Amino acid sequence: METAQVLLREDARLRLNEGACLPLRSHFGRCRACASACPINVIRVEIEQVSLADGCLNCGRCVAACPTDALD
């Protein structure tokens with residue numbers, strides 16, 4: 001079953017496929033690759049939620065770092 005991608009913020013281009021994100025698929029998921037790759041620390045990965053704060057540069061580093069291609 002494929003899940004739809006959702007925009008993390010309406011003013012940013014970053015989309016998330018929640019079904020592919022390891023921490024969202026399981027509370028045992030410890031992946032934080034996207035947050036670690038963000039040069040300005042605006043991505044937060046928490047239990048049941050990935051959020052994007054103001055200031056995203058749309059640089060794509062988080063997308064490149066994601067091991068499951070959950071970000072686009």
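**Strand β4 and its surroundings**

Visitor: What makes the two faces of β4 distinct?
Guide: Val 50 and Leu 52 form the covered face of β4, and Gln 49 and Ser 51 the uncovered one. This is a predicted model, in which local features need pLDDT of at least 70, side-chain atom pairs count only at pLDDT 80 or more, and totals for chains, interfaces and linings use all residues. Residues are numbered from 1 along each chain as its sequence is written, and side-chain values use heavy atoms, with hydrogens and water left out.

Visitor: How do you know that β3 and β4 pair?
Guide: Two strands pair if DSSP finds at least two bridges between them. Strand β3 (residues 43-46) is joined to β4 by four bridges, and the two run antiparallel; by that rule, they therefore pair. Arg 44 is opposite Ser 51 in β4.

Visitor: Which residue takes a positive phi in the hairpin of β3 and β4?
Guide: Glu 48, with phi near 65°; the hairpin has two residues between the strands.

Visitor: Why is Asn 58 called partly exposed?
Guide: Buried means under 20% relative accessible area, exposed over 50%, and partly exposed in between (1.4 Å probe, protein chains only). Asn 58 has 33%, so it is partly exposed. Asn 58 is in the loop between β4 (49-52) and α3 (61-65), where strands (E, at least two residues) and helices (H or I, at least four) are DSSP runs, numbered from the N terminus. Phi of Asn 58 is positive, near 55°, in a residue other than glycine.

Visitor: Why is Asp 69 called exposed?
Guide: Its relative accessible area is 59%, so Asp 69 counts as exposed. Asp 69 lies in the segment after α3, and has a positive phi near 55°.
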